[in-house]
Every structure is written in structure tokens, then in C-alpha cells.
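Open your viewer and get ready to click along. We will go stop by stop, and at each one you will hear what to select and what is there.

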Amino acid sequence: MNKLLFILSFFVTSLCVSAQAFTDKVLQQSASQLNTINTEGDYDKLFKKFTETNTSEKWQAFYYAAAAMYLKGELLSKKSPASASQAITTAEKFALGVSLSQPDNPENNILLGLITLQSIQMDIYNDPAKAAQLVSAYISKAESADPNNPRLAILKAKSAEKSGNTTEAETQYQKAATGFTTLDSVPGWGKQLIPRNK
């Protein structure tokens with residue numbers, strides 16, 4: 001009887017591990033779609049997929065959910081700035097959730113910096129000066145951990161644009177474009193944030 005219970009428990013455990021590996025793989029495949037989609041509905045579908053994914057690293061699913069909503073906010077801000085605020089707020093909520101378990105994660109700090117800049121542009125923050133300080137803090141945290149990250153270069157470029165420093169912005173966009181050509185690891189998203197003429 002004990003042998004049978006042991007074999008049964010081993011079988012159930014192996015099924016759980018196999019299912020977990022499958023969902024982690026699905027998460028990474030879904031993350032790669034962030035660079036290829038370009039409609040509100042597609043971002044909503046990916047957001048739903050990320051939030052419903054059962055993965056061993058829940059923070060990764062929340063990170064990608066936040067990235068999907070950030071990118072949706074970027075898309076909407078070009079069409080109808082007023083409609084972008086809900087996506088920005090949702091992105092911030094999920095990214096802040098990630099920072100609770102991953103406070104020093106450079107990818108999440110970069111994303112939080114991008115979301116904060118987006119919030120400043122949409123006049124969501126009551127105190128833009130304090131928000132600008134937050135962006136600087138996110139840049140510093142990410143830079144100390146991952147200085148060659150192309151998304152960090154995009155964050156710096158957008159921050160420079162906000163300050164009116166177009167020369168620095170162009171330099172950082174070029175750095176990001178170069179970084180994306182040499183980077184083949186996940187998360188991989190962000191190429192669409194580089195203006196087409198860079």
C-alpha cells in the first residue's frame with residue numbers, strides 16, 4: 001500500500017512540474033508578442049493571458065502584464081490621451097506589485113520609470129516635480145544594476161525629451177536601437193518605443 005501511495009505521489013508531482021514548465025514557456029512566448037502587436041484589443045488579450053498565467057515566478061507575469069498596459073497606454077496616448085489614463089494606472093498598479101517582491105529588479109525599475117514619465121505627460125501626477133525625482137531614482141537604480149539595457153536608454157531618452165534635451169534624447173535612442181540589435185534575451189520588448197526615424 002505504501003509503495004502504491006509513493007508511486008501515485010511521484011506521478012502527481014511530476015505532472016505538476018511538467019505543467020509548471022509548460023506555463024513558464026507559454027509566458028515567455030507571450031512576452032515575445034509584446035513587440036509584434038499594435039492594437040488595443042491585442043494588448044488587452046495579452047494582459048489577460050499574463051494575469052491568468054500560473055507560473056513559478058508570479059512577479060514575471062505581473063511584470064509583463066504591466067508592460068502590456070504601459071504599451072497600450074502609449075498607443076492610446078497618441079490616439080486619445082484621455083483614454084490612456086486607465087491603462088497607465090493599471091500598469092502602475094501591477095509594476096508596483098512587482099516591486100514589493102523584486103525591489104531591485106532593473107527591468108521593473110525601468111518600467112516604473114517609463115510609467116511615471118507617461119503619467120507626467122498625461123497630467124496624472126499632482127506633483128510633476130516629485131514624479132520627475134521618482135524617474136531619476138528609477139534610472140539610478142536600474143543603471144547601477146544593468147547600465148547597457150536598451151529599455152534604460154529609452155527611459156533616458158524619454159526623460160531627456162521631457163527636459164527639452166533633444167540631442168541627448170537622440171543619442172539615447174540610438175543607443176537603444178543598437179542595444180536591441182545585440183540583445184536576444186527576454187524580455188525583449190521596447191523596440192516599438194524608438195521613433196521610426198532613429
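Before counting anything, it helps to know the rule: helices (H or I, at least four residues) and strands (E, at least two) are DSSP runs, numbered from the N terminus. Keep in mind, too, that this is a predicted model.

**Stop 1: the whole protein**

Show everything as a cartoon. How many helices and how many strands are there in the protein? You should find eight helices and zero strands. Following the sequence gives the pattern α-α-α-α-α-α-α-α. Now colour by accessibility: 41% of the 198 residues count as buried.

**Stop 2: helix H2**

Select residues 40-52, which make up helix H2. With 13 residues at 1.5 Å a residue, H2 should span 18 Å, and its end C-alpha atoms are indeed 18 Å apart, so expectation and model agree.

Next, show the side chains of Tyr43, Leu46, Phe47 and Phe50, which are buried in H2. Turn the view until you look down the axis of H2: its buried residues fall within an arc of 105°, so they line one face of the helix. Then add Lys45 and Glu52, which are exposed on the other side of H2.

**Stop 3: from H2 to H3**

Side chains of opposite charge can pair when their charged atoms come close. A search of the whole structure finds five such salt bridges, and we will visit some of them.

Select Glu40 and Lys79. They form a salt bridge, with the closest N and O atoms 3.9 Å apart. Because Glu40 sits in H2 and Lys79 in helix H3 (residues 58-79), the pair ties together parts that are 39 residues apart in sequence. Are these two partners buried or exposed? Glu40 is partly exposed, at 32% relative accessibility, while Lys79 is exposed, at 56%.

Now select Asp44 and Lys72. Their side chains meet in a salt bridge with an N to O distance of 2.7 Å. Here again distant parts of the chain are linked: Asp44 belongs to H2 and Lys72 to H3, 28 residues apart. Asp44 is partly exposed at 32% relative accessibility, whereas Lys72 is buried, with a relative accessible area of 14%.

**Stop 4: from H5 to H7**

Move on to Glu107 and Arg151. What is the distance between the closest N and O atoms of this salt bridge? They are 2.8 Å apart. Glu107 lies in helix H5 (residues 106-121) and Arg151 in helix H7 (residues 150-163), so this pair ties together parts 44 residues apart in sequence. Check how much of each partner can be reached: Glu107 is buried, with a relative accessible area of 15%, and Arg151 is buried at 2% relative accessibility.

**Stop 5: the largest pocket**

Finally, switch on a surface. Rolling a probe the size of a water molecule over the atoms shows where empty space is left. The largest pocket has a volume of about 400 Å³. To find it, select Tyr43, Lys78, Gln192, Leu193 and Arg196, which are the closest to its centre among the 17 residues that line it. You have already met Tyr43 as one of the buried residues of H2.

Which helix gives the most to the lining of the largest pocket? That is H3, with four residues. Colour the lining by residue type to end the tour: nine of its residues are nonpolar, three polar and five charged.

Definitions and conventions:
Residues are numbered from 1 along each chain as its sequence is written. This is a predicted model: local features need pLDDT of at least 70, side-chain atom pairs count only at pLDDT 80 or more; totals for chains, interfaces and linings use all residues. Side-chain values use heavy atoms; hydrogens and water are left out. A salt bridge is a side-chain nitrogen of Lys or Arg within 4 Å of a carboxyl oxygen of Asp or Glu. Buried means under 20% relative accessible area, exposed over 50%, partly exposed in between (1.4 Å probe, protein chains only). On a 1 Å grid over the protein atoms alone, a cavity is a set of points where a 1.4 Å probe fits but cannot get out, and a pocket is an open set with protein on both sides within 12 Å along at least five of seven lines; lining residues have an atom within 4 Å of a point. Grid points are joined across faces, edges and corners, and a volume is the space filled by probe spheres set on the points. Ala, Val, Leu, Ile, Met, Phe, Trp, Tyr, Cys and Pro count as nonpolar, Asp, Glu, Lys and Arg as charged, and the others, Gly among them, as polar. The expected span of a helix is 1.5 Å times one less than its number of residues. The arc is that of the directions from the helix axis to the C-beta atoms.
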